[in-house]
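Reader: I should like to go through this model with you, one question at a time. Could we begin once the sequence and the structure are in view?

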Amino acid sequence: MADGWLSTTHSARPGLEVLGALLLALVTLVFLPGPGLDAVAPARVQMIDTDTGLEALSGPDLPGSPIHYHAIERPAGIAWMVWDDVPLPDDGTPPAVSLIGPLSATIHFNGVVIGRKGEPGATRDAETAGPIDSLYAIPPGLIRPSGNRIAIRFSSQRAGYTPYAVVHGLFVMPYASDPRRSIRYYLPLTVMGGSLIALIASLMVRTRTTGDRRGLWLVAALAGLVLAGAAEISRSLINYPYDWHQPRQAASLAGLAVFGTCWLRFVQLRWPAAPRIATAWLAATLAAVAASAVLVTGYDGKSAFALAALMASSAIWLAWRGGPAERLIVPGLLIVSAYALWQPADIIDRGIYAFALALLGVFALRHRSYLLPDPEPRTPRFALETSGRTVLVEPDSIAYLKAAGNYTEVHMASGGQHFDNRNLRTLLDELPDGFFRLHRSYAVNLGQAAAITSAEGSRYHLETTDGTRIPVSRSLVAELRRRLGSA
């Protein structure tokens, strides 16, 4: 089979199946709820970009402007945010305030400090980094029937970068002794991570079976995803200081970049073009990824843009170099790219893992030969016994044989020749059935036959593909024609 995805017996079915799996993954991501918390968040908070002090926030008319907490930018020094009319459960469940993100803060409930997430400061040296996730119980005696207020004094001097969102989460939720994100939050990612590891094992076996080293690029791509997933899940295992958040996000970005880059490189090797074009193409794509790492704010944005660029680049390459089946999955790859830009947080938390399983899982489980083709069987070689040495040749490379006493001249299709120490009959007994003795002194490789010609006096000759004319015994002409007709 040619080095492509289509054959006369398989049509375009693998491409259709992969596209269907990618669309199913998209529908699942869009309509099933993502990982979430049993919590209530404010519609807006009042943002005060100065350290006004708690006294200035005691009245009903607050300074600053209402804003969604996700839109809060990193303050230059110390700032405040205020959540008014905080809804609290009335079922007796002990409530708590959850504050998540790369910031240090002091949390006040109805004017009383209920928790400290590190220590805010106007400078890096003055600030103490708090944990990335925090949860503070609300004392029952502070709770009013209505009009409850949460005021948070915060800073973000030790992030080491400009976060896309300083506040990742501000919630009222049931109290728990452990502020870390529950492993349940990462359950979809954990399940998919196990499936990715199984897929890696399958691809490693396939690579070893076929001897196709291109499969190592797929293994490396999925290993990058496992690294990114491990960086995400680590948040449920370690409640690290928020200034560690950048290294964790950098590890996630690196893993996602490895996935996209290795997938693109595999696509280039599987459906190749001129090496110079492939190198320039890969360099241009990686330049766009590097530019996004510098220009895009926040690691979610950096990761999403990197994935979008790499997936779109591989889609364009397949549209150019692939056959009909490859072109069927191009829309699916473009959907992955668009989803990364549309839902950057979700693509990192679960989306890219679902898409990767849909993309590679179909091939690994149902159409392995399309991903890494079965190796073509090697033609067995034949040993010619010459004086003092043994020469190994492929039988198909022999054009014809000519008796030379007790020896045999072995004429090659490439134009050279060898002398074998055995006579013609002995040599023919050891060669495959594709050789035919058409004269007492000649035998021909039927695969090298071009025509049978006749001349006056009932003389016949066989012409080989290189124009050599070999005599044919009249008694063997009919059998030769029959063999050529069935060859």
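Author: Two strands are said to pair if DSSP finds at least two bridges between them. The model discussed here is predicted. With that criterion, strand β12 (residues 398-404) and β13 pair, for they are joined by 6 bridges and run antiparallel.

Reader: Which residue of β13 is the bridge partner of K402?

Author: K402 belongs to the pairing of β12 with β13, which run antiparallel. On the other side of that pairing, β13 spans residues 407-412. The bridge partner of K402 there is E409.

Reader: How far from E409 is the nearest side chain of opposite charge?

Author: E409 is buried and has no salt bridge. A salt bridge requires a side-chain nitrogen of Lys or Arg within 4 Å of a carboxyl oxygen of Asp or Glu. The nearest side chain of opposite charge belongs to K402, and its distance is 4.7 Å.

Reader: With which side chain does E409 make a polar contact of 2.9 Å?

Author: Beyond four places in sequence, E409 is in contact with residues including Y400, L401, Q417 and F419. The polar contact of 2.9 Å joins the side chain of E409 to that of H411.

Reader: Which residue takes a positive phi in the hairpin of β12 and β13?

Author: The hairpin has 2 residues between the strands. The positive phi is near 70°, and the residue that takes it is G405.

Reader: Which residue of β16 stands opposite L401?

Author: Besides β13, β12 is joined to strand β16 (residues 442-445). These two run antiparallel, with 3 bridges between them. The residue opposite L401 is A443.

Reader: What separates the C-alpha atoms of A413 and I398?

Author: A413 is found in the loop between β13 and β14 (417-420). Beyond its neighbours within four places in sequence, A413 is in contact with S397, I398, A399 and Q448. A413 and I398 are 15 residues apart along the chain, and the separation of their C-alpha atoms is 5.5 Å.

Reader: Is A413 buried, partly exposed or exposed?

Author: Buried means under 20% relative accessible area and exposed means over 50%, with partly exposed in between. A413 has 32% relative accessibility, so the term that applies is partly exposed.

Reader: In what order do the 6 strands of the open sheet lie?

Author: The pairing in this sheet is antiparallel. Within it, β1 and β2 are joined by 3 bridges, with V45 having I67 as its bridge partner in β2. Strand β1 (residues 45-48) also pairs with β3 over 3 bridges, and there M47 has M81 as its bridge partner. The full order is β2-β1-β3-β8-β5-β6.

Reader: Which strands stand at the edges of the sheet of 6 strands, whose pairing is antiparallel?

Author: The order in the open sheet is β2-β1-β3-β8-β5-β6. A strand at an edge has a single partner strand, so one side is left without a neighbour in the sheet; this applies to β2 (65-67) and β6 (112-117).

Reader: Why is strand β3 largely enclosed by the rest of the structure?

Author: Strand β3 (residues 79-84) is joined to strand β8 (residues 149-155) by 6 bridges, and W83 has I150 as its bridge partner in β8. Strand β3 is largely enclosed because, of its 6 residues, the number buried is 5.

Reader: What is the N to O distance in the salt bridge of D84 and R149?

Author: The salt bridge joins the side chains of D84 and R149 at 2.6 Å, N to O. The pair links distant parts of the chain, 65 residues apart, with D84 in strand β3 and R149 in strand β8. D84 is partly exposed at 31% relative accessible area, whereas R149 is buried at 14%. The N to O distance asked for is 2.6 Å.

Reader: Which residues are joined with D420 and R422 into one network of salt bridges?

Author: R422 forms a salt bridge with D420, with the closest N and O atoms 2.8 Å apart. Both R422 and D420 are buried. Through salt bridges that share partners, the network also takes in E385 and E430.

Notes:
Residues are numbered from 1 along each chain as its sequence is written. This is a predicted model: local features need pLDDT of at least 70, side-chain atom pairs count only at pLDDT 80 or more; totals for chains, interfaces and linings use all residues. Side-chain values use heavy atoms; hydrogens and water are left out. Helices (H or I, at least four residues) and strands (E, at least two) are DSSP runs, numbered from the N terminus. Buried means under 20% relative accessible area, exposed over 50%, partly exposed in between (1.4 Å probe, protein chains only). Lys and Arg count as positive and Asp and Glu as negative; His and the chain ends are not counted. A polar contact is a pair of N or O atoms within 3.5 Å; within protein, one must be able to donate a hydrogen and the other to accept it, and residues adjacent in sequence count only if both atoms are side-chain atoms. Contact means heavy atoms within 4.5 Å.
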